[in-house]
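Student: Please take one exposed part of this chain and look at it closely. Then work outward from there to the rest of the fold.

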Amino acid sequence: MKKVDYTLYFITNSDGMDEETFLNKVKGACLGGATIIQLREKNKSTLEYYKLALKVKEITDFYHIPLIIDDRIDVAMAVGCGVHLGNEDMPISVARKIMGEECIIGATAKTVEVAKKAEADGADYLGCGAIYPTKTHVKTKITSVETLNDICAAVNIPVCAIGGLNKDKLSVLEKSPIQGVCVVSAIMDADDTKKAAEELKKSIQKIVA
């Protein structure tokens, strides 16, 4: 199993902001203690996605933080980083064959059955949720904490909770055996992303073993 710290898993959202502002927010999150970052771009062309990924990877490499690309294994391979795959993306087993054993591959799982298959197919970690409704444009279906806990018990890879989570909503996860929390708006919407990441990380560390 790859040694990756999933404690504060920051997922980006560049909607409505210029590139300089976006990159500064990413840098702030890195300074504040984000342990892994996912670049999520649903509306950019392949070239736009690739160019932005290169710039983000310069930042994450500087801070020695793993970068994950959402959905697109072509972009991930082009910039030399990991990928996160949903149920409508490239099958995990195929992605693993293409990308090799060393690449970090994450998967979305909302049921125990899907979680077990993702692990068997070669996923390194799972994102499970949404625990709460989210403001992102990603389609969400609420996942109960009970289901989250069942998934944690069913697999031997790290599980991260996702969906509308911020430092004021973490108490629901206090007894959950997760290894990390994924956030989007809790950092992206902050004026000071460094401070937001610092506060989130402290709160998450209290509930993540």
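Tutor: The model is a predicted one, and the starting point is H64. H64 has a relative accessible area of 72% and is therefore exposed, since exposed means over 50%. Its place is the loop between α2 and β3. The backbone deserves a look as well: phi of H64 is near 55 degrees, a positive value in a residue that is not glycine.

The residues just before this one bring in the aromatic rings. A pair of aromatic rings is described by two quantities, the distance of the centres and the angle of the planes. Searching the whole structure gives three aromatic pairs. In one of them, Y9 and Y125, the ring centres are 5.6 Å apart and the planes stand at 55 degrees, so this pair is tilted. It bridges distant parts of the chain, with Y9 in strand β1 (residues 8-11) and Y125 in strand β6 (residues 125-129), 116 residues apart. Both Y9 and Y125 are buried. Another pair is formed by F62 and Y63 and is edge-to-face, with 5.0 Å from centre to centre and 80 degrees between the planes. F62 counts as exposed because its relative accessible area is 60%, while Y63, at 23%, is partly exposed. Away from F62 and Y63, ring pairs join Y6, Y9 and Y125 into a cluster. One further ring has a charge over it: K169 lies over the face of Y132, at 4.8 Å from the ring centre.

Now go back to α2, the helix before the H64 loop. Helix α2 covers residues 46-62, and its axis comes within 10 Å of the axis of helix α1 (residues 19-32), crossing at roughly 30 degrees. With that angle, α1 and α2 are roughly parallel to each other, because angles under 35 degrees count that way. The crossing of α1 past α2 is right-handed. On the α1 side the contact is made by E19, F22, L23, V26, K27 and C30, and on the α2 side by L52, K55, V56, I59 and T60.

Helix α1 has another partner, helix α8 (residues 193-205): these two axes come within 7 Å and cross at roughly 35 degrees. Here too α1 passes in a right-handed crossing. N24, K25, G28, A29, L31 and G32 of α1 meet T193, K194, A197 and E198 of α8.

On the other side of the H64 loop is β3. This strand spans residues 67-70 and contains D70. D70 is buried because its relative accessibility is 4%, and buried means under 20%. Setting aside residues up to four places away in sequence, D70 touches Q38, L39, R40, K42, Y49 and H84. D71 is in the loop between β3 and α3 (73-79). Like H64, D71 is a residue other than glycine with a positive phi, here near 75 degrees.

Y49, one of the residues touched by D70, also gives a sense of distance across the model. Its C-alpha atom is 36 Å from that of A153, and the two are 104 residues apart along the chain. A153 is part of helix α6 and is exposed because its relative accessible area is 68%.

I151 belongs to helix α6 as well, but I151 has a relative accessibility of 0% and therefore counts as buried. The C-alpha atoms of I151 and V112 are separated by 5.0 Å, although their positions lie 39 residues apart in the sense of chain separation. Leaving out neighbours within four places in sequence, I151 is in contact with A109, K110, T111, V112, A115, L126, C128 and V159. Strand β6 covers residues 125-129, so the reach of I151 includes L126 and C128 of that strand.

One backbone feature remains, at the end of β6. G129 and A130 are joined by a cis peptide bond, with omega about 20 degrees. A130 is in the loop between β6 and α6 (145-154).

Methods: Residues are numbered from 1 along each chain as its sequence is written. This is a predicted model: local features need pLDDT of at least 70, side-chain atom pairs count only at pLDDT 80 or more; totals for chains, interfaces and linings use all residues. Side-chain values use heavy atoms; hydrogens and water are left out. Rings of Phe, Tyr and Trp (its six-membered ring) pair if their centres lie within 6.5 Å; planes under 30 degrees apart count as stacked, over 60 as edge-to-face and the rest as tilted. Helices (H or I, at least four residues) and strands (E, at least two) are DSSP runs, numbered from the N terminus. Buried means under 20% relative accessible area, exposed over 50%, partly exposed in between (1.4 Å probe, protein chains only). A charge sits over a ring if NZ of Lys or CZ of Arg is within 6 Å of the ring centre and within 35 degrees of the ring normal. Axes are lines fitted to C-alpha atoms, for helices over the stretch in contact, and angles run from 0 to 180 degrees between N-to-C directions. Angles under 35 degrees count as roughly parallel, over 145 as roughly antiparallel, 65 to 115 as roughly perpendicular and the rest as oblique. A crossing is left-handed if the near helix is turned anticlockwise from the far one by less than a right angle, and right-handed if clockwise. Contact means heavy atoms within 4.5 Å.
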